[in-house]
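Here's a quick tour of one sheet, the helices that sit on it, and a pair of cysteines. Have a look at the structure first.

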Amino acid sequence: MTSARSQTTPSSPAHNLVIPPVLHSPPSLSNLNDHQFNAGNLSVTTPGLESSASSVTNLDLNDGILVHEVDPEVDTTHSEDTTAVGQIDDVADEESRKNLRDHLRRTLSVQREKSDSKRKTEELLEISSVSLDTTLEGYRPREYFVLTDAGKPVFASRPDGQDIENLSSIMGIVQALLSVFLDDGDKLRCINAGRLRITFLLRSPLYYVCASSWGEPESVTRSHLEYLHLQILSIVTASQLRRIFERRTNFDLRRLLDGSEPFLFSLLGRMELDLAMATSSLNCLQLDQGLRARVAEALVPTSKMKDTLYIILVARGQVITLVRPKKHSIHPADIHILVNTVYSPSIVNSPASASWIPVCLPKFNPAGFVNAYITFLHRPDADQKYHHRTKRESNESADTTGTSHVAENSQAATLRHTPRLIEDSGIGLVCISGGGEFETVRVWCDIVTQKLNDDGSLDALARAVESGKTSYFASQLGIPGLRHFVYKSRSHVQITLPAFEEPYDTLDAKRRIVTLYQTVHDAIHAKSGQTGNLKLQYIRTEKEIVMGWITQPFELYVVLSPRLPKAAVINAANAVTRWVKKQEGQLFLRDAPVF
């Protein structure tokens, strides 16, 4: 069991180290040992590098399209409201609370002594540890719970009707656990029980819980809970929540969120494999630079649309282009919330030609709503939908071979059906406005659609999307041993990555490699209590080598054959960076027009 107080670690001072433009082999990696993974308990132990401090803190945060995400401190609970209100009669009486508090204190005192002893040993050995267990019998669905600080259930990712009687008891126990720590001026971050980790996030008046046995770092599930919180704020603003619970501490929030479950389940499905969300960045659609520029110019609003904030064109769940006001960036988290909303079943399957919905962008203004006009300019015809659906169903059938049979719940069903909605939805246009000029926005969108049709841009865009030219595979790069990679441009706050292919073409294989990426990313950025950031992280499993490398302009995570020597790994990493630099105009959204 880990609390915020027990996990406080000294921060390491940053050093201004010069990073060479390319990563050379020896001696830069000569002190990195190969760490073999056994089939039982898969763990990684990475020795300390020549410097454990990050050398990339001097990034120029100029006026870009996206807001730069600053890595938070390890203990993010400083922003959480520590006031716990409300009582649960069956678990929160004074005698029960006293017994629970005494038991937790005894348990924590033992755990803290063990943790302190282990930390001292690690400091003497100068090692930074990450661990991962991929020997699971399949990947059981993570479970997510949301409750109020009075213990009232708000949301649960369990199937409808399953363990409904126990849900209130679970919520009551969680509320009692958290309130015990709050009463002592502490915060409960997570509970580790074998390979099961239960992570807690407090955003008063709501508490968020995630139970996962995937072996990912704590920071990953904590990030999921943060996104879940943002999605709820997009429906009910922070100021509304505060006013409601100030008046009635036992308010049942499910009444206000009724009908919003598909948004939440869709978000949970996306977070499983979405590496853009995991890296706080944006993954744009690969597209010819000239075509992207022509489309973007057509989207610049007229002077009549005074309250327009953002105009976003999307396809296959990715951003094609984005038009924004001058000197006004948008946070990647707000884009992820918007895209998740756009591709919800109620929007995509709506018979209406357009939807006009209020939505809160929490990173832009958590206290108010903006209006989103959503319309799809082009949809695949019936034959194309049938072809894509048949191909997907064949792949889904292959994915289930050899995996454990876990009862499908609402979350799993959404994960399975969301790709269909995304691929079959076509090209969508989203106009975010601070006002309510629906007719003005509708007329403008009709004019834009006609303009794109007249100059052939819409047809060219549709052909690129439907032909598969907007994605690529790692095998096309022709780099020996390369299986997959994720490249993040730190100046653009965007990533690019190839589509998954063999041996990562099944669902469980994708989950496993994404978890490995998250583990390396967590170790490099010291997100889960490590003593300092790293420039490099190199791990070897029985199936692959995974290396993370961070410099001032970019971050790179590569997956390669386990038989490659270190020199070949370094050469492959350099080859990927050269290829991305050459293709940068197609892979990233750059110099989008402003108004």
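A disulfide here is a pair of cysteine sulfur atoms within 2.5 Å. This is a predicted model, with local features needing pLDDT of at least 70 and side-chain atom pairs counting only at pLDDT 80 or more, while totals for chains, interfaces and linings use all residues. Residues are numbered from 1 along each chain as its sequence is written, and side-chain values use heavy atoms, leaving out hydrogens and water.

So how many disulfides turn up in a search of the whole structure? Zero. The sulfur of C431 has its closest cysteine sulfur in C445, but at 5.6 Å that's too far for a bond. Both cysteines are buried (under 20% relative accessible area, with exposed over 50% and partly exposed in between, using a 1.4 Å probe and protein chains only).

| Residue | Relative accessible area |
|---|---|
| C431 | 0% |
| C445 | 1% |

Now the sheet. Helices (H or I, at least four residues) and strands (E, at least two) are DSSP runs numbered from the N terminus, and two strands pair if DSSP finds at least two bridges between them. Six strands make an open, mixed sheet, ordered β9-β16-β15-β19-β18-β17. Its edges are β9 (282–283) and β17 (536–540), each pairing on one side only. Inside, β15 (482–489) runs antiparallel to β16 (494–496) over three bridges, and Y487 stands opposite T496 in β16.

Helix α14 (507–525) packs on the sheet, touching β15, β17, β18 (545–550) and β19 (554–560); contact means heavy atoms within 4.5 Å.

Definitions and conventions. Axes are lines fitted to C-alpha atoms, for helices over the stretch in contact, and angles run from 0 to 180 degrees between N-to-C directions.
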